[in-house]
Structures are given as structure tokens and as C-alpha cells.
Amino acid sequence: MASYRKAVPDFASLLNDAIAPQVTRTLTSPDHEQTHLCIYLPYARQRHLAVALSQAQGELFSPAQYVLRSALIGSNGDSPLVVLGCTRKKRAEPASANELYISRRFKASLRLVRALDAPYAILSGKHGIVSPEATLEPYDLNLADVSSAKRRLWAGKVLKQLRSRGKGRKITLLATPDYTTPLVEINKESDLPLALETPWVQLEKPDRLVWLDEAFRFASRIRDLRMFYSWIDERRRTGHVFHFQTLASQAVPKRGVYIFLDRREPNFLGAQPRIVRIGTHAVSLGSKATLRGRLRNHLGPANEIGNHRGSIFRLHVGRAMLEANTGLDRLPSWGEGQDASPHIKAAESGHELAVSRYLQELEVALIEIDDEPTKDSLRASVEAQLVALCTESMQTIDSPTPDWLGLQSPVAVIRQSGLWNIRGVGGKYDPKGAGSIASIIEA
């Protein structure tokens, strides 16, 4: 232990410093609204600390990495062709391929493809690619037991079958390495290789079942986010989604939840715009704040010189802009205090204007929910559910483009989630709970 302490003399302070950029102070404004002020560190300092932490931990912690998004989402948001690996556990009598295999892993794989509503086929060591409805006799053949030459012949046959079935789709192989490795190797030799995903290649047997459980939750979120984007598109067609710069001329309900969408960013369906912030207002007992007032705080007044000390959204956007250019040294007062002198505000006015111009280009969708201000309000539940839908366990469905401004933010959760949100990011989404997509659409 002495040598470890010598190598890492101040592990606790390293950890504290590493999370410091995400620590928030909660302040209460005169209208009883809570404002969360971030304590920032320069991005380079965060990277230095992250590397130091990684080196300090060494190989003590090496959790399995679950690849979900690339395995479950094809191009333009469609489902991939999912190929389910056969298993040794089988029925003793002839049965259709999707009923012949009776292992827990195979049943969980079937549950997943049905949740995805994805086309699928079954990978057999004896028969190659098999349609789910095809009747098979029980057999006992493990591909690992055959020669390398026969595995290569089998892989070549399977790849031809997949090319015919895939029709240009991404192909996700839910099979053990004994089956996927020869396919990947032969595929690499092709002049026109297939787009193969092998999410289990680094996973041990118990981790594959965990992956399937995580993937099922992810598939449920894909379904609900797809429905939510369809709902937003319908609202847009009926004039209920508007450009933020036109806020003054829009009808805005007294209370509700707002969703900001960035027209410069495609969503996972391959179409603009992408959700980039979710929020509400008046969740403190007795608050008199209105939805229009909250949106006006974000947008700024008619002269476009807003106040980032009254809008956490403006604070984050402005800080990312500074980081993208010369850093905080250019404007060290940004984010300092709850108020500032006229002299400081004058110095910040140009940057406030730039933030307003950036925000004006966003779209806004509103969900009207006129309930009383409490922390347990339905609005608070909807906000939390939508943030979790997009970011559960930091396994995001949408992905920002390389040009998204938020990637310049010194706040890790903003960069990693693709949202200008901090509170609730990474939380658990409940597809059957209050504030779920089903409850929003049915309302």
C-alpha cells in the first residue's frame, strides 16, 4: 500500500478536481426559480485530470463496454438486419428456427428484435443463414469443432446469403466470436465488404445477457424517441413549432415544457432538427414564473442583449463560444456572480448579443401542462423523462455533429449527451411512467 500511495499521493483531490466542472450551486432568484451555476475548469485541465485518474486506477476497474447505438440503429434511423446466433440448447423435435433454440440468450435476442421491429435471420453452424419460419431438425454441431478451412467455406457462404438478405442494410451479428470471427475475417477480404456490427466481440458469456437487457431498454427508447419526433413533426405542420426569434408573436401557454431543436443538427433519423435542450419553469412552491417569461430569459430582450446570469442556457452557450475561440481569458467575468456592475455588463454586451443570435436560430416545441408549481408537478416529470429518454446511462440515441457548439463546452455532460442540459442527464427513462412519450401523445 505504501508504494501505491507514493505513486498516487493525492487520489482523492484528483477525483474532486475531475468532477469539479460538473458541480453546481443552486441559487434562488426573486421569483423563487432555482438557477444552477456551474463551476468550470478549462477543458485541457479536465483532460489532464482524466488521464491522471485513468493512470491511477490502472487495471483495477475495467467494466464491460456495451456497444448499443451502432448495433441497434442503421443509417437514417432504420433498423439493421439482426442475425441471431444459434445455441446448443435445442428442442428434441423438429421446430421452426425461431422456436428450435431454447436458451435464455436466444429468447432474449428474439425479444430484442421484436422490440426493434427489425428484420432478422438465424445463424446456424450447420445451415448458414436460416429464415425464422424455416423448419429444422435438431442437430449437434459446434463451429469451433470444425477445421479452419471448413469455417472459411462456411463464412463465405453465409456472407453471400447476408448480402442477398441485407439489401444494403447494416447487419448486426448477435453471436459468439466462434461464429463472428470467421465472418469478419472473410468480409475484410471482400472488394465490397458488408457493414457488419459485432457488439459481443469483447464480451464474456454473462455480459452478453446483460447487453441484451440493456439493448432491450435502448430499443424501447428508440421507439419512443421516434414517436416523439413524429409528434413534433405533426405539431410543426399545424403551426405549433416556431423559430425562437419569433417568440414575441407566438401564442405561449401559461405553463408547460419547452423543447429546443437545432436546425443545424440532424437527428438519429437523418433529418433536421435534433433536440438540444429540454426544460420547464415554476417547479418551486409558490412560483409565479410563466413559460413565456422563462423563454424570454433565454432569448433576451428586443435589443438582443440578454442576461446570462438569468439563464443557465445562455450561460452554457456563451461559455462554449468562449472556449471555441480564445477561452475565458477573453471575458473572465462570464458566469461570475448573480449580478454585475454596469461596467461589466457593457463589456459583456457583445458576447450576449452573439449568444442571442445563436439561440434565435433554434426551433421551439411546447407541451402545454397547466399544473401548479411544485417539485412533483407533471411538468417536472415530463422534463425529467424527456432528458432521460435522450441520455439514459449516457447511451445517447441522437448524436451531435462534429460542428455542434456544445462540443466546445467545458462541461463534460453537455459534450457527452449532446444536450445543453445538466440536471437529470443520464437518468433512467420509464416508458410507462408519468411524463413518458405515451402519456404526452395520448394527452
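# Close-up views of a predicted model

**View 1. The second largest cavity and its lining.** About 40 Å³ of space lies in the second largest cavity, and this view, like the others, is drawn from a predicted model. The residues that line the second largest cavity are Arg274, Ile275, Cys390, Asp398, Ser417, Gly418 and Leu419. When these lining residues are sorted by class, three are nonpolar, two are polar and two are charged. The structure as a whole holds two cavities of 30 Å³ or more, and the largest cavity is the subject of the next view.

**View 2. The largest cavity and its lining.** The space in the largest cavity comes to about 50 Å³. Its lining is made up of Leu68, Glu214, Arg217, Phe218, Arg221, Glu392, Ser393 and Gln395. Which classes of residue make up the lining of the largest cavity? This lining divides into four charged residues, two polar residues and two nonpolar residues. As background to both cavity views, rolling a probe the size of a water molecule over the atoms shows where empty space is left.

**View 3. The second largest pocket and the elements around it.** The second largest pocket holds about 610 Å³ of space. Its lining consists of 20 residues, and those lying nearest the centre of the pocket are Thr87, Arg88, Arg105, Thr176 and Lys205. Two or more lining residues come from each of helix 6 (104-116), helix 8 (177-188) and helix 9 (205-237), and helix 9 gives the most to the lining of the second largest pocket, with three residues. By class, the lining of this pocket has 10 charged residues, together with five polar and five nonpolar ones.

**View 4. Strand 8 and the strands paired with it.** In strand 8 (residues 171-174), Ile171 and Leu173 lie on one side while Thr172 and Leu174 lie on the other, and with all four of these residues buried, both faces of the strand are covered. This arrangement can be read against a general pattern, since in a regular strand the side chains alternate between the two faces of the sheet. Strand 3 (residues 81-85) pairs with strand 8 in the parallel sense over four bridges, and within this pairing Val83 stands opposite Leu173 in strand 8. Strand 9 (residues 196-197) also pairs with strand 8 in the parallel sense, here over two bridges, with Thr172 standing opposite Glu197 in strand 9.

**View 5. The salt bridge between Arg255 and Glu372.** Glu372 and Arg255 form a salt bridge in which the closest N and O atoms are 4.0 Å apart. What does this pair tie together? Because Glu372 lies in the loop between strand 13 (362-368) and helix 13 (378-391), while Arg255 lies in the loop between strand 10 (241-243) and strand 11 (256-262), the pair ties together parts that are 117 residues apart in sequence. Glu372 counts as exposed because its relative accessibility is 55%, whereas Arg255, at 9% relative accessibility, counts as buried.

**View 6. Salt bridges at Arg379 and at Arg223.** The side chains of Arg379 and Asp371 meet in a salt bridge with an N to O distance of 2.6 Å. Arg379 counts as buried, its relative accessibility being 0%, and Asp371 is buried as well, with a relative accessible area of 16%. Elsewhere in the model, salt bridges that share partners join Asp233, Arg236 and Glu363 into one network. Arg223 and Asp224 are also joined through their side chains, in a salt bridge of 2.9 Å from N to O. Is Arg223 buried, partly exposed or exposed? Arg223 counts as partly exposed at 37% relative accessibility, while Asp224 counts as buried at 3%. The count of salt bridges in the model comes to 20.

**View 7. Ser333 and its contacts.** Ser333 is found in the loop between helix 11 (312-324) and helix 12 (342-360). Although Ser333 lies in a loop, it counts as buried, because its relative accessibility is 16% and the cut-off for buried is under 20%. Which residues are in contact with Ser333, leaving aside its neighbours within four places in sequence? With those neighbours left aside, Ser333 is in contact with Arg309, Ile344 and Glu348.

How values were computed:
Residues numbered from 1 in each chain as written. Predicted model: local features only at pLDDT ≥ 70, side-chain atom pairs only at ≥ 80, totals over all residues. Heavy atoms only, no water. Buried < 20%, exposed > 50% of the residue type's maximum accessible area, 1.4 Å probe, protein only. Contact = heavy atoms within 4.5 Å. 1 Å grid on protein atoms, 1.4 Å probe; cavity = no way out; pocket = protein on both sides within 12 Å on 5 of 7 lines; lining within 4 Å. Points joined across faces, edges and corners; volume = space filled by probe spheres on them. Nonpolar A, V, L, I, M, F, W, Y, C, P; charged D, E, K, R; others polar. Pairing = 2+ DSSP bridges.
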